[in-house]
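Here's a walk through one chain, meant to be read with the viewer open. We start with a single residue and work outwards.

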Amino acid sequence: MISPWPIRQNSPHYFLVVCSSPKTMSQAFSATEIRNTMKQEGLRITPQRFAVYANLLGRQDHPTVEQILEDVNADLPIASKASVYSALTVLREVNLVREVLLDEGVTRYDANVNPHHHFVCRDCGAIQDLPWQAFSCFDLGQFATQVTAESYEVTVKGLCADCRA
C-alpha cells in the first residue's frame with residue numbers, strides 16, 4: 001500500500017509502506033525515547049527541538065505555531081517564534097512531524113505521521129484523526145495523463161458529537 005506522505009525525497013523508497021503498529025499518539029513517550037528517535041534521524045538535540053517535538057507528541061489537536069510556542073514557553077521561556085518554526089522545519093524534513101493544511105492560510109502540525117485523514121467540526125473547529133482505512137483506496141492512476149498524482153488525503157467537514165448535541 002502506498003502512503004500519502006513521502007518519507008524523504010532522497011530516499012530510495014519515496015513512499016512509506018505501513019506494516020506495523022507504532023505507538024498511538026495517546027501513549028506517553030519518555031524523554032529517552034524522544035531523544036533516541038531524534039538521534040536516529042541524525043538530529044542535533046537542542047532544547048527547542050526537543051520541546052517542540054515532545055509537545056507535539058503529547059497532543060492530538062493539530063496546533064499552530066503560535067499554540068506550540070505558547071505551550072513550550074508556559075513553564076520555561078526557551079523559544080521564540082523563529083526557533084519553533086526552525087524546529088518544525090527540521091522535524092518535518094526527517095518525517096517526525098507533518099504539516100496539516102485544513103483551513104486556508106492556517107498551517108497546523110501533527111506528530112502522527114502515519115497515514116490518516118482528518119475530520120474538522122464546522123462549529124467548534126475541533127480536529128480529529130480518521131483512520132486511513134475509513135475510505136476505500138483511491139485509484140490515482142485514473143487521472144488525465146497530464147498529471148501524475150503522488151499522494152492524497154481526505155478532509156471531512158461536519159459537526160462533532162458535542163456540537164451536534
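## Leu88 and its neighbours

Leaving out residues up to four places away in sequence, Leu88 touches Val52, Leu56, Val65, Ile68, Val97 and Tyr109. Contact here means heavy atoms within 4.5 Å. Two housekeeping notes before going further. This is a predicted model, where local features need pLDDT of at least 70 and side-chain atom pairs count only at pLDDT 80 or more, while totals for chains, interfaces and linings use all residues. Residues are numbered from 1 along each chain as its sequence is written, and side-chain values use heavy atoms, with hydrogens and water left out.

Leu88 also turns up in the largest nonpolar core, which has 24 residues: together with Val52, Leu88 touches the most other members. A nonpolar core is a set of buried Ala, Val, Leu, Ile, Met, Phe, Trp, Tyr and Cys residues joined through side-chain atoms within 4.5 Å. The elements giving two or more residues to this core are α1, α2, α3 and α4, and α2 supplies the largest share, six residues. As a general matter, nonpolar side chains in soluble globular proteins tend to be buried together.

## Helix α4

Helix α4 covers residues 81-93, and its end C-alpha atoms are 18 Å apart, which agrees with the 18 Å that 13 residues should span at 1.5 Å a residue. The expected span is 1.5 Å times one less than the number of residues. Which residues of α4 are buried? They are Ser83, Val84, Ala87, Leu88, Val90 and Leu91. These buried residues cover an arc of only 165 degrees around the axis, so they sit on the same side of α4; the arc is that of the directions from the helix axis to the C-beta atoms. In general, an α-helix has 3.6 residues a turn, so residues three or four places apart point the same way.

What covers that buried set includes α1 (31-40), α2 (47-57), α3 (65-75) and β2 (106-110). Met38 is found in α1, and at 0% relative accessibility Met38 counts as buried. Buried means under 20% relative accessible area, exposed over 50%, and partly exposed in between (1.4 Å probe, protein chains only). Neighbours within four places aside, Met38 is in contact with Leu43, Ile45, Arg49, Phe50, Tyr53, Leu91 and Leu96. Met38 and Arg49 are eleven residues apart in sequence and 9.1 Å apart in space, C-alpha to C-alpha.

## Positive phi in two loops

Just after α4 comes Asn95, whose phi is positive, near 65 degrees, in a residue other than glycine. Asn95 lies in the loop between α4 and β1 (98-103), and at 16% relative accessibility Asn95 counts as buried.

His62 is another one to check on your Ramachandran plot: its phi is positive, about 55 degrees, although it is not a glycine. His62 lies in the loop between α2 and α3 and is buried, with a relative accessible area of 1%.

## An aromatic pair and the strands

How many aromatic pairs does a search of the whole structure find? One. The rings of Trp132 and Tyr152 have their centres 5.0 Å apart and their planes at 35 degrees, so the pair is tilted. For Phe, Tyr and Trp (its six-membered ring), rings pair if their centres lie within 6.5 Å; planes under 30 degrees apart count as stacked, over 60 as edge-to-face and the rest as tilted. Trp132 and Tyr152 are 20 residues apart, each in the loop between β4 (127-131) and β5 (155-158). Both Trp132 and Tyr152 are buried.

Gln128 sits in strand β4 and, at 39% relative accessibility, counts as partly exposed. Neighbours within four places aside, Gln128 is in contact with His117, His118, Phe119 and Cys160. Gln128 and Gln60 are 68 residues apart in sequence but 7.5 Å apart in space, C-alpha to C-alpha.

## The chain overall

The chain has five helices and five strands, running α-α-α-α-β-β-β-β-β-α from the N terminus on. Helices (H or I, at least four residues) and strands (E, at least two) are DSSP runs, numbered from the N terminus. Buried residues make up 36% of the 165 residues.
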